[in-house]
Amino acid sequence: MYTILQENNKVLAEELVSFAAELVRAPSVSYEESEIAGIVEKEMRRLGYDKVFCDDFGNVVGVIFGLEREPTLLLNCHMDTVPLGSETWEHAPFKGTIDNRRMYGLGAADCKGGLAAQVIAGGVLKRSLLPLKGNLVVAATVAEQNGISLGVRGLIEHTLPELGLSPSYAVLGEPTGLGLYYGHDGWLEAEIDVQGSNPFHVNDVTRSIFEFIGGSSTASRPLAESQVLGAPRFEDRSGCMRSNFHLARRLRQTESAEEILGRLNREVGLVAGEGGGVA
């Protein structure tokens with residue numbers, strides 16, 4: 001099987017480079033991805049994907065259906081780039097120039113090279129004629145570089161469920177120096193509330209909980225990579241002081257949402273118990 005895939009990969013290698021250069025030549029800052037979306041959609045159709053369409057969010061989605069409904073592998077790259085800045089380019093930013101086996105241009109690494117590779121990967125599978133047990137979804141999404149990730153949110157929450165598909169695994173094409181990196185198993189999000197009649201107790205307990213949780217990140221990972229804490233918000237409701245803050249925690253392979261929630265409840269309870277007079 002791998003020999004068949006390898007041979008088909010060699011055949012499409014030249015097409016991959018040409019396709020990547022074509023993507024680089026199409027300017028595509030966030031919310032202005034229509035030109036590159038047309039290029040991606042056309043290439044998916046040429047390669048023979050079973051289903052190709054542009055969804056309501058502007059994402060281009062190509063599907064190769066397997067023999068069974070599960071599993072589904074999602075390959076995802078964003079189509080947008082940051083705006084062209086004032087820096088001086090050694091090579092023109094919209095030509096896809098190749099120099100010493102490297103392609104240069106705005107978005108070549110982040111993320112048009114990865115997008116080209118993922119789209120062509122679907123073509124390799126189609127040409128190999130190997131039966132797939134599950135499904136392959138290749139999604140070129142919009143609005144990632146602006147920090148909103150509108151495209152991938154719409155893809156996961158609306159587009160794929162409407163197709164009856166739920167990704168079992170996802171591979172992102174972000175630049176990593178050609179290394180493979182394990183991401184995470186999702187995010188847990190929680191709201192932590194502290195309530196009491198004494199505003200000083202509420203304030204002290206809130207600060208203690210915030211500082212305790214903020215310092216409980218694993219030492220092997222930077223805090224920003226494992227969890228995000230929103231700043232506490234305070235309000236007075238008819239003599240009852242309330243505080244609230246948001247926690248987003250990255251789940252690792254050995255963790256479950258239930259485990260993290262249980263630990264949070266125990267930690268919050270211990271810290272709150274020291275302050276007294278709060279819920």
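**Contacts, cores and surface of a predicted chain**

Visitor: In this predicted model, what percentage of the contacts between residues at least 6 apart in sequence join residues at least 24 apart?
Guide: The count takes in contacts in the chain between residues at least 6 apart in sequence. Of these, the share that joins residues at least 24 apart is 71%.

Visitor: Is the chain a compact globule or more spread out?
Guide: For 279 residues the globule rule gives 19 Å, while the radius of gyration of the chain is 24 Å. The C-alpha trace spans about 70 × 50 × 35 Å along its principal axes. The radius is well over the value from the rule, so compared with a compact globule the chain is more spread out.

Visitor: How many helices and strands does the chain have?
Guide: Helix α4, for one, covers residues 150–162, and strand β3 covers 72–78. The secondary structure of the chain comes to seven helices and eleven strands.

Visitor: Which residues have the most contacts inside the largest nonpolar core?
Guide: This core has 30 residues. The elements giving two or more residues to it are α1, α2, β2 (60–64), β3, α3 (108–128) and β6 (135–141). Apart from it lies another core of 17 residues, including Ile192 and Val268. In the largest core, the residues with the most contacts are Val40, Met79 and Val119.

Visitor: Which residues is Val119 in contact with, leaving aside its neighbours within four places in sequence?
Guide: Val119 is one of the residues with the most contacts inside the largest nonpolar core. Leaving aside neighbours within four places, its contacts are Phe19, Val40, Glu43, Met44, Leu47, Tyr49 and Val138.

Visitor: Is Tyr31 buried or exposed?
Guide: Tyr31 lies in the loop between α1 (2–24) and α2 (34–47). Together with Ile148 and Leu150, Tyr31 forms a nonpolar patch on the surface, with about 290 Å² of accessible area for the three together. Its relative accessible area is 52%, and the cut-off for this class is over 50%, so Tyr31 counts as exposed.

Visitor: Which class of exposure does Pro161 fall in?
Guide: Pro161 is found in helix α4 and touches Leu155 and Ile156, residues up to four places away not being counted. Its relative accessibility is 45%. Buried means under 20% and exposed means over 50%, so Pro161 is partly exposed.

Visitor: What separates the C-alpha atoms of Pro161 and Leu75?
Guide: Along the chain, Pro161 and Leu75 are 86 residues apart. In space, their C-alpha atoms are separated by 16 Å.

Terms used. Residues are numbered from 1 along each chain as its sequence is written. This is a predicted model: local features need pLDDT of at least 70, side-chain atom pairs count only at pLDDT 80 or more; totals for chains, interfaces and linings use all residues. Side-chain values use heavy atoms; hydrogens and water are left out. Patches are made of residues with over 30% relative accessible area and no salt bridge: like charges are joined within 9 Å, nonpolar side chains (Val, Leu, Ile, Met, Phe, Trp, Tyr) within 5 Å. Accessible areas come from the Shrake-Rupley method with a 1.4 Å probe; for residues, only the protein chains shown count as cover. A salt bridge is a side-chain nitrogen of Lys or Arg within 4 Å of a carboxyl oxygen of Asp or Glu. Helices (H or I, at least four residues) and strands (E, at least two) are DSSP runs, numbered from the N terminus. Buried means under 20% relative accessible area, exposed over 50%, partly exposed in between (1.4 Å probe, protein chains only). A nonpolar core is a set of buried Ala, Val, Leu, Ile, Met, Phe, Trp, Tyr and Cys residues joined through side-chain atoms within 4.5 Å. Contact means heavy atoms within 4.5 Å. The radius of gyration is taken over C-alpha atoms; the globule rule is 2.2 Å times the number of residues to the power 0.38.
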